[in-house]
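User: I would like a close look at one part of this model, with its surroundings described in one go. Please keep the answer plain.

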Amino acid sequence: MKKQSFLKTLSSDALYNQFLSPILSHDTGIDPERLTQFALALIGQASIYRKRPGISEILNQLANELQHADPRLEQKFFGKSFKNPIGLAAGFDKNGVGAGIWEFFGFGYGEIGTVTWHSQKGNPRPRLFRLAKEKAALNRMGFNNNGAKAMLKTLQKQNIGDPLNRQFVLGINFGKSKVTPLEQAAEDYAASLEILSPLANYAVINVSSPNTPGLRELQKPSQLRRLIRHLKLLNNSLPLLIKIAPDLEDTEIQHIAGVACEEKLSGLIAVNTSLDRLGLDSRIILQTGRTLQEEAGGLSGSPLQKRAVEVLKLLRKSSVNDIPLIGVGGIDSPKIAWERITAGASLLQVYTGWIFQGPSLVTNILKGFSEQLDLHKFQSISEAIGSNAPWLEA
Ligand SMILES: Cc1cc2nc3c(=O)[nH]c(=O)nc-3n(C[C@H](O)[C@H](O)[C@H](O)COP(=O)(O)O)c2cc1C
């Protein structure tokens with residue numbers, strides 16, 4: 001009884017507001033990368049031991065608080081049922097330590113990675129900066145990860161089961177190792193895909209990180225086509241998606257949409273972080289003394305909202321068939337999320353907004369969606385996709 005009531009007081013929202021929110025409201029203080037590592041260490045243990053008494057109670061309590069069940073939000077993609085359209089974006093769980101428990105946080109799916117064939121340290125620290133006032137982040141992590149073989153072990157340790165028979169949906173996001181020359185990119189991606197595909201529901205080919213020199217070259221239609229064809233020859237039928245940058249010209253985006261349709265990709269993810277400073281004031285990054293404009297790295301969070309929705313609309317318009325689009329970039333409220341769905345995204349992902357708003361962001365978005373479906377008298381979320389239906393106040 002006592003244990004039960006103690007657990008009840010341990011709401012994720014209360015913990016977040018009490019401990020994390022004050023830290024996240026300043027640019028300096030506890031290093032954001034250390035905070036992430038601490039959270040992931042706990043999450044990793046919880047995932048391995050998720051069936052043990054104590055841990056399973058805490059996770060169920062979390063699920064009670066954060067999951068929002070509404071059958072109208074379910075959709076089927078890649079032969080799997082997504083319980084809701086909100087997923088964890090790539091880059092938070094780079095090594096896949098939480099693969100077994102992202103569903104407890106209310107997510108309809110999780111994307112782990114970016115993983116590369118070779119393990120790599122990434123760029124020197126500091127390489128992740130909070131921009132609290134702007135509700136944004138700047139990062140130049142550089143695909144720090146333990147490598148594909150280590151991810152395989154990490155996933156096996158969590159016993160996550162067969163992709164088609166388990167409840168939750170897991171995507172794996174793949175990158176090119178820094179040591180591999182661009183001309184051998186296809187073989188490098190393929191090596192990781194070969195060993196990890198049996199555990200994933202979909203694979204994302206990341207050609208849009210700004211922090212691996214030359215990587216974005218692979219977005220050029222001829223290179224992209226060659227890469228996709230190479231990866232499609234692999235002996236697996238895993239759905240392939242491409243994640244693109246927000247900094248492309250509109251015509252380049254149209255070309256990518258064309259390649260995606262011709263090569264029968266399973267989806268496109270828009271967008272990765274931006275090299276543009278998106279109209280933000282030139283201000284000093286306190287950890288380095290350089291200005292935001294001088295500091296290398298990709299921008300994420302609220303300032304990305306405008307471009308992310310533009311890219312999504314362009315993709316929707318340029319895709320001849322109904323290729324599923326995943327919208328990501330600056331999603332930090334139900335209204336912003338609804339705008340992305342009605343602009344043509346079938347699924348969404350969150351990262352920076354989720355950090356700043358806390359875990360209840362997912363639940364709030366889903367409750368907002370249920371309410372909008374009621375107000376618009378839509379039977380299901382798929383009716384809202386690409387409908388341009390406005391956000392209605394209840
Ligand atoms: C610290 C950090 C690390 C990231 N690492 C990756 C990554 O490894 N692979 C990837 O595809 N995207 C990565 N991203 C990009 C996010 O997945 C997402 O596309 C981007 O941040 C925009 O979404 P947001 O505004 O909700 O954060 C990273 C973002 C952040 C903030």
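How many of the residues of strand 8 are buried? Please start there and work outwards.

Analyst: This is a predicted model. Five of the five residues of strand 8 are buried, and the strand is mostly covered. In a regular strand, side chains alternate between the two faces of the sheet. In strand 8, Y202, V204 and N206 point one way, whereas A203 and I205 point the other way.

Strand 8 covers residues 202-206 and pairs with strand 7, residues 170-174, in the parallel sense over four bridges. Within this pairing, I172 stands opposite A203, and N173 stands opposite V204. Such pairing in a sheet runs through backbone hydrogen bonds. Both strands belong to a barrel that eight strands close in the order 3-4-7-8-9-10-12-13, with parallel pairing. From one strand to the next, the twist averages 25 degrees.

A203 and I205 also appear in the largest nonpolar core, which has 106 residues. They are among the residues with the most contacts inside that core, together with L268, A270, L312, L315 and L348. Helix 9 gives the most to this core, with six residues. That helix, residues 305-318, lies across strand 10 (267-270) and strand 12 (325-328), and runs at about 170 degrees to strand 12. L348, another of the well-connected core residues, touches P85, I86, G87, I326, G327, V328, I331, A337 and R340, leaving aside residues up to four places away in sequence.

A270 has a further feature: its peptide bond to V271 is cis, with omega near 20 degrees. V271 is in the loop between strand 10 and strand 11. A second cis peptide bond joins R125 to P126, with omega near -5 degrees, and P126 lies in the loop between strand 4 (109-115) and strand 5 (128-131).

Strand 11 (298-301) leads on to the ligand: along with strand 6 (136-139) and helix 11 (352-357), it supplies at least two residues of the surrounding shell. Of the 27 residues around the ligand, G91, T114, S300, Y351 and T352 come nearest. By class, the shell has 11 nonpolar, 14 polar and two charged residues.

Beyond strand 6, the loop to helix 5 (148-157) holds F143. Phi of F143 is near 55 degrees, a positive value in a residue other than glycine. F143 counts as buried because 24 other C-beta atoms lie within 10 Å, the cut-off being 20 or more.

Notes. Residues are numbered from 1 along each chain as its sequence is written. This is a predicted model: local features need pLDDT of at least 70, side-chain atom pairs count only at pLDDT 80 or more; totals for chains, interfaces and linings use all residues. A residue is near a molecule or strand if its C-beta atom, placed from the backbone, lies within 6 Å of it. Ala, Val, Leu, Ile, Met, Phe, Trp, Tyr, Cys and Pro count as nonpolar, Asp, Glu, Lys and Arg as charged, and the others, Gly among them, as polar. Two strands pair if DSSP finds at least two bridges between them. Axes are lines fitted to C-alpha atoms, for helices over the stretch in contact, and angles run from 0 to 180 degrees between N-to-C directions. Two residues are in contact if their C-beta atoms, placed from the backbone, lie within 7 Å. A nonpolar core is a set of buried Ala, Val, Leu, Ile, Met, Phe, Trp, Tyr and Cys residues joined through C-beta atoms within 7 Å. A residue is buried if 20 or more other C-beta atoms lie within 10 Å of its own, exposed if 12 or fewer, and partly exposed in between; C-beta atoms are placed from the backbone.
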